Amino acid sequence: MIWAATILTLYPEMFPGPLGQSLAGRAMAEGGWSLEAVNIRDFATDKHRSVDDTPAGGGPGMVLRVDVLARAVDAARERNPAAPVLAMSPRGAPLTQARVRELAAGPGVTLLCGRFEGFDERLFEGRGVEPVSIGDYILSGGETAALVLLDACVRLLPGVMGAPSSGEQESFESGLLEYPHYTRPPAWEGRTIPEVLRSGDHARIDAWRLAQAETDTRLRRPDLWERYDSVRVRSPSGARRKNKDEKA
Ligand code: SAH
């Protein structure tokens with residue numbers, strides 16, 4: 001069975017979009033994963049095929065109807081019963097690389113894309129749907145969020161990325177941002193590549209990269225740094241990762 005994504009959306013023509021290109025697109029063309037975009041409107045039953053209604057309690061905008069969404073989810077579950085059903089929502093738990101890894105290791109995903117004010121809340125418990133956010137900002141619809149989630153999963157599928165190891169040193173995998181990268185030319189507008197990277201001394205290069213990753217994480221992502229630092233201080237194996245010019 002190949003990794004299968006089902007997207008429930010009011011705009012199926014937005015898919016595969018960017019995922020039809022580059023590595024993800026090639027992997028899809030070669031049968032490494034599949035994507036089916038299903039129109040939520042196909043599950044409306046009234047003559048206007050309406051999918052939304054005004055919010056209970058008043059307020060602006062429209063809300064996606066639970067009965068229509070539930071029929072769409074049920075149809076997707078019939079197609080891929082083992083795939084978790086996630087709804088893209090700024091009210092969900094923030095997506096992490098760890099969750100992406102779990103999803104990529106499974107049979108696939110069913111993703112619900114919201115529009116307007118979002119989903120009738122009863123859907124989540126009623127159908128065991130997990131709300132997921134891609135960050136603390138508001139998009140106009142869940143489709144771009146679904147593309148983000150799928151991109152993150154598909155690049156981890158076996159055979160999609162060129163070098164199998166290049167997924168492992170990335171930002172977040174170690175709890176740190178990744179170290180900075182450089183390539184030719186060695187001098188550009190008076191800026192040079194750090195000397196250590198041209199030394200050929202791999203132990204020194206590794207130590208330099210770890211120190212850079214730690215500094216950048218501390219300065220740019222104090223939230224990640226706090227978690228990493230507390231684990232490192234507590235664990236005996238983590239202590240060995242300390243850089244030699246850092247105080248113990
Ligand atoms: N009124 C809602 C926002 C609705 S935005 C609220 O304040 O919570 C419309 C749709 O865009 C949502 O239903 C969701 O599917 C999608 N969306 C917006 N921001 C998102 C985010 N940060 N992560 C995931 N999906 C998001």
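Q: Does Asn39 count as buried or exposed?
A: This is a predicted model, in which local features need pLDDT of at least 70 and side-chain atom pairs count only at pLDDT 80 or more, while totals for chains, interfaces and linings use all residues. Residues are numbered from 1 along each chain as its sequence is written, and side-chain values use heavy atoms, with hydrogens and water left out. A residue is buried under 20% relative accessible area, exposed over 50% and partly exposed in between, for a 1.4 Å probe and protein chains only. Because the relative accessibility of Asn39 is 19%, this residue counts as buried.

Q: Leaving aside neighbours within four places in sequence, with which residues is Asn39 in contact?
A: Asn39 is placed in strand E2; helices (H or I, at least four residues) and strands (E, at least two) are DSSP runs, numbered from the N terminus. Contact means heavy atoms within 4.5 Å. With neighbours within four places in sequence set aside, the contacts of Asn39 are Thr9, Leu10 and Pro12.

Q: At what distance does the side chain of Asn39 reach the backbone nitrogen of Arg41?
A: A polar contact is a pair of N or O atoms within 3.5 Å; within protein, one must be able to donate a hydrogen and the other to accept it, and residues adjacent in sequence count only if both atoms are side-chain atoms. The side chain of Asn39 reaches the backbone nitrogen of Arg41 at 2.9 Å.

Q: Is Arg115 buried or exposed?
A: Arg115 belongs to the loop between E6 and helix H4 (122–127). Neighbours within four places in sequence aside, its contacts include Leu10, Tyr11 and Met14, as well as Ser140 and Gly141. With a relative accessible area of 14%, Arg115 is buried.

Q: Which residues of helix H3 are buried, and why do they lie on the same side of H3?
A: Helix H3 covers residues 97–105. The buried residues lie on the same side because they cover an arc of only 115° around the axis, the arc being that of the directions from the helix axis to the C-beta atoms. On the other side of H3, Ala98, Glu102 and Ala105 are exposed. The buried residues are Gln97, Val100, Leu103 and Ala104.

Q: Against which elements do the buried residues of H3 pack?
A: The residues concerned include Val100 and Leu103. They pack against strand E1 (3–9), strand E5 (85–94), strand E6 (108–112) and helix H5 (142–154).

Q: Which residues come nearest to the ligand?
A: There are 19 residues around the ligand, a residue being near a molecule or strand if one of its heavy atoms lies within 4 Å of it. A polar side-chain atom of one of them, Glu117, lies 2.9 Å from a nitrogen atom of the ligand. Those that come nearest are Met88, Gly114, Glu117, Gly135 and Tyr137.

Q: What percentage of the accessible area that the ligand has on its own does the protein cover?
A: A backbone N or O atom of Ser89 lies 3.4 Å from a nitrogen atom of the ligand, and a polar backbone atom of Gly142 is 3.4 Å from an oxygen atom of the ligand. Accessible areas come from the Shrake-Rupley method with a 1.4 Å probe; for residues, only the protein chains shown count as cover. Of the 560 Å² that the ligand has on its own, the protein covers 87%.

Q: Which residues are joined by the cis peptide bond whose omega is about -5°?
A: Another cis peptide bond, with omega about 0°, joins Arg184 and Pro185, and Pro185 is in the loop between H5 and strand E8 (187–188). The bond with omega about -5° involves a proline in the loop between E1 and H1. It joins Phe15 and Pro16.

Q: What is the relative accessible area of Glu189?
A: Glu189 lies in the loop between E8 and strand E9 (191–192). Although it is not a glycine, Glu189 has a positive phi of about 50°. It is exposed, with a relative accessible area of 67%.

Q: What is the radius of gyration of the chain?
A: The chain has eight helices and nine strands. The globule rule, 2.2 Å times the number of residues to the power 0.38, gives 18 Å for 248 residues; the chain is well over this, so it is more spread out than a compact globule. Taken over C-alpha atoms, its radius of gyration is 22 Å.
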